[in-house]
Amino acid sequence: MANIVELKNINKIYGDKIKTQVLYDINLRFEENSFNSIIGESGSGKSTLLNIIGTLDKPTNGEVFIDQNRTDTLDKKALSVLRNQTMGFIFQFHYLLPEFTAKENVLMPYKINSYKVPKEVDEWADELINLVGLAKVKNNLATDMSGGQQQRTAIARALINKPKIILADEPTGNLDSDTTENVYSILKNINKNFKTTFIIITHDQRIAEKTDRIIEIKDGRINLDLRK
Amino acid sequence: MRLSFDIALRFLKSGKGQTLLIILGISVGVAVQMFIGSLIQGLQISLVDTTIGSSSQITISSVNKDKTIKNWERVVYEANLLSPNIKNISVSADGPANIDYEEDIDSVLIRGFNLDDADRIYKFKEGLLEGSLPFKKDETIIGKELSTKSKAKLNDKIVIVTPSGEQIKLKVTGIFDLEVSSLNDTWVVTNLETAQEILSLDSNVTSVEMQVSDVFKADEIAKQLKYTLSIEDTKVDNWKDQNQSLLSGLNGQSVSSYMIQVFVLVAVLLGISSVLAISVVQRSKQLGILKAMGIKDKDASLIFVFQGLMLGLIGAIIGVCFGFALLYVFTKFAVKPDGNPVVPIFINKGFIALSGMFAILSATIASLIPARLSSKLNPIEVIKNG
């Protein structure tokens, strides 16, 4: 199967005077439609790795390919378009815009690209909202929802542009275990139904075990790469 | 762009306290600027009007030996033709004479006019305390000071000693007060014929006086007049050349008024800019995620520019209303005993529109700093910290 993400010899060094190397010669490939997890202790460099994949951060050296296109050489504007069209982000914190309702938040990535929302996209937003079980609260402001609802809104938002890749950094880190189970089954279903590639950072061993591939990062290197 | 506008609007709506504070700041700035501007303009207009409103603004006089203009009808005709700006043209036959009252002799200035024309400049009718204008020959009106000095009452006769030594009696048909004591003290106003006889001018006059619609163009018009007049041996004076100190006073006043207005604007600008800059920090999470989701830097900046624009617009509108309220209160409560405002307010629509525009413009400029901040914001900094 084709690689949707490919990392070649990625090094990441922070700081000018005192240099801290976070990632050492990372070589990684992620296949289309796969469901992957990255685990590792805090400070191991896993979030940095995810940010580099998500083009939010740039490697100090090495090459990044998303969907066969090299991204570490693109300018900010091209990266914005790439992120908008091919990636969805889910963070530990939901980062919803509190000034907007749940549905408006879900539609935000679409509106960033084109302000007018056609009927089919509006219906797709409703479908996503139903999928994550938020039909009742879709017109609530983001601040008027529970933590679980907020995070599920963020998931729906990540999917509105039908991205090829979803990058999730501890998506259930702030949720209780029941909600966590619920969120993961949603993610798993999306992966199955929409052929979306998932790369999920988690510290929860039980969650990681449910994914197709577990990559452990230790001290900036790949310590373990386990495929089911 | 539409999305930036939507987000800007929501940001403003959700931070109501902050939004109101900025709008209040802009409004007060605009109101103060408008108030001061209108006050100073009113002050200057009334000052110019009291100083030169009732006097000749351009005066054509003769430089030949006997100081007379023979062909004055031609001068009047040419002045009339030159510019629609010229108004209230009036000829006068002036000259010194003496007044002889029983115990003393005093010098006076004989001024002979076509009274209907001259009244438009000097407003004798308004200035008359009693009596009527001296339309007939050997009639005169005199100022109240001269009347007191000479003890001449209405319908009394005063004795004028002409330069050639002749005595002529003039009947006082009115006493005027032109609110300038030197005029009230020395002017003896008659019709043209009387003055021409007293001063032995035949049918000549000594000057042609006029006013202009735009008083500050008097010097230019005087120059044109000098250039086009076909009569030789004339000189053309204008009030601006004769009142340099008034002009420089007005100028100084304008400059200080501009300074105040500029500083008010700068204060408003800094206020908006700092509050908006704080709001970038407050909204950094939202901006971070919008950028992660692919909003372009330009659109992220536009959010703040739109905020500045909207704040400026609303602030300017409210400010202009405030300003009118302030002016209204001022004209109602800061009044002289006669009920007129201490300083007559001049409402200049162009100026008010301009000060509103300036507020909108400066609010927009002020938003450029936060706009730049937001454009520089790197999403991972926000997301990492979250």
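Q: Is Phe113(B) buried or exposed?
A: Phe113(B) counts as buried, at 1% relative accessibility. Bear in mind that this is a predicted model.

Q: And which ring does Phe113(B) pair with?
A: Its partner is Phe124(B), and the pair is tilted. The ring centres are 5.8 Å apart, with 45 degrees between the planes.

Q: Where do those two sit in chain B?
A: Phe113(B) is in strand E3 (residues 104-113), and Phe124(B) is in helix H5 (residues 124-127). They are eleven residues apart, and the pair links distant parts of the chain.

Q: How about Phe124(B), buried or exposed?
A: Phe124(B) is buried, with a relative accessible area of 0%.

Q: Which residues form an aromatic cluster with that pair?
A: Tyr122(B), Phe176(B) and Trp187(B) join Phe113(B) and Phe124(B) in one aromatic cluster.

Q: OK, zooming out. How many aromatic pairs does the structure hold over all chains?
A: There are 13 of them over all chains. One in chain A is Trp124(A) with Phe194(A), whose ring centres are 5.2 Å apart. Their planes stand at 90 degrees, so this pair is edge-to-face.

Q: What does that pair tie together?
A: Trp124(A) belongs to helix H4 (residues 119-131) of chain A and Phe194(A) to helix H6 (residues 177-194), so the pair ties together parts that are 70 residues apart in sequence. Trp124(A) is buried at 10% relative accessible area, while Phe194(A) counts as partly exposed at 35%.

Q: What comes after H6 in chain A, where Lys195(A) lies?
A: Lys195(A) lies in the loop between H6 and strand E8 (197-201). Lys195(A) is exposed, with a relative accessible area of 51%. Its phi is near 55 degrees, a positive value in a residue other than glycine.

Q: Switching to chain B, what's the phi of Asp138(B)?
A: Asp138(B) has a positive phi of about 60 degrees, although it is not a glycine. You'll find Asp138(B) in the loop between strand E4 (128-131) and strand E5 (139-143) of chain B. At 27% relative accessibility, Asp138(B) counts as partly exposed.

Q: Which residues does Thr173(B) touch?
A: Leaving out residues up to four places away in sequence, its contacts include Glu130(B), Gly131(B), Glu139(B), Thr140(B) and Leu154(B). Thr173(B) is part of strand E7 (residues 167-176) and counts as buried at 8% relative accessibility.

Q: Any loop worth a look further along chain B? Where does Ser367(B) lie?
A: Ser367(B) lies in the loop between helix H14 (349-366) and helix H15 (368-376) of chain B. Ser367(B) is buried, with 0% relative accessible area.

Q: What is Ser367(B) in contact with?
A: Setting aside neighbours within four places in sequence, Ser367(B) is in contact with Leu276(B), Phe304(B), Val305(B) and Gly308(B). As for Ser273(B), 94 residues apart from Ser367(B) along the chain, their C-alpha atoms are separated by 5.8 Å.

Q: Now Ser34(A). Which strands flank its loop?
A: Strand E2 (20-31) and strand E3 (35-39) of chain A. Ser34(A) is buried, at 11% relative accessible area. Not counting residues up to four places away in sequence, Ser34(A) touches Asn191(A), Thr196(A), Thr197(A), Phe198(A) and Asp212(A).

Q: And how far are the C-alpha atoms of Ser34(A) and Tyr110(A) separated?
A: By 24 Å, with their positions 76 residues apart along the chain.

Q: How covered is helix H1 of chain A?
A: Helix H1 (residues 46-53) is mostly covered, with seven of its eight residues buried. Among the buried ones are Lys46(A), Leu49(A), Leu50(A) and Ile53(A). Just after H1(A), Thr55(A) takes a positive phi of about 60 degrees.

Q: Last topic, chain B as a whole. How many helices and strands?
A: Chain B has 16 helices and ten strands. Its C-alpha trace spans about 110 × 50 × 25 Å along the principal axes. The radius of gyration is 32 Å, whereas a compact globule of 386 residues would have one near 21 Å.

Q: What share of its residues count as buried?
A: 51% of the 386 residues. The accessible surface of chain B comes to about 18,900 Å², and 59% of that belongs to carbon and sulfur atoms.

Q: And how many charged side chains, positive and negative?
A: Chain B has 38 positive and 39 negative side chains, with the centres of the two sets 18 Å apart.

Key: Residues are numbered from 1 along each chain as its sequence is written. Chains are lettered from A and ligands numbered from 1 in the order in which they are written. This is a predicted model: local features need pLDDT of at least 70, side-chain atom pairs count only at pLDDT 80 or more; totals for chains, interfaces and linings use all residues. Side-chain values use heavy atoms; hydrogens and water are left out. Helices (H or I, at least four residues) and strands (E, at least two) are DSSP runs, numbered from the N terminus. The radius of gyration is taken over C-alpha atoms; the globule rule is 2.2 Å times the number of residues to the power 0.38. Buried means under 20% relative accessible area, exposed over 50%, partly exposed in between (1.4 Å probe, protein chains only). Accessible areas come from the Shrake-Rupley method with a 1.4 Å probe; for residues, only the protein chains shown count as cover. Lys and Arg count as positive and Asp and Glu as negative; His and the chain ends are not counted. The place of a charge is taken as NZ of Lys, CZ of Arg, CG of Asp or CD of Glu. Rings of Phe, Tyr and Trp (its six-membered ring) pair if their centres lie within 6.5 Å; planes under 30 degrees apart count as stacked, over 60 as edge-to-face and the rest as tilted. Contact means heavy atoms within 4.5 Å.
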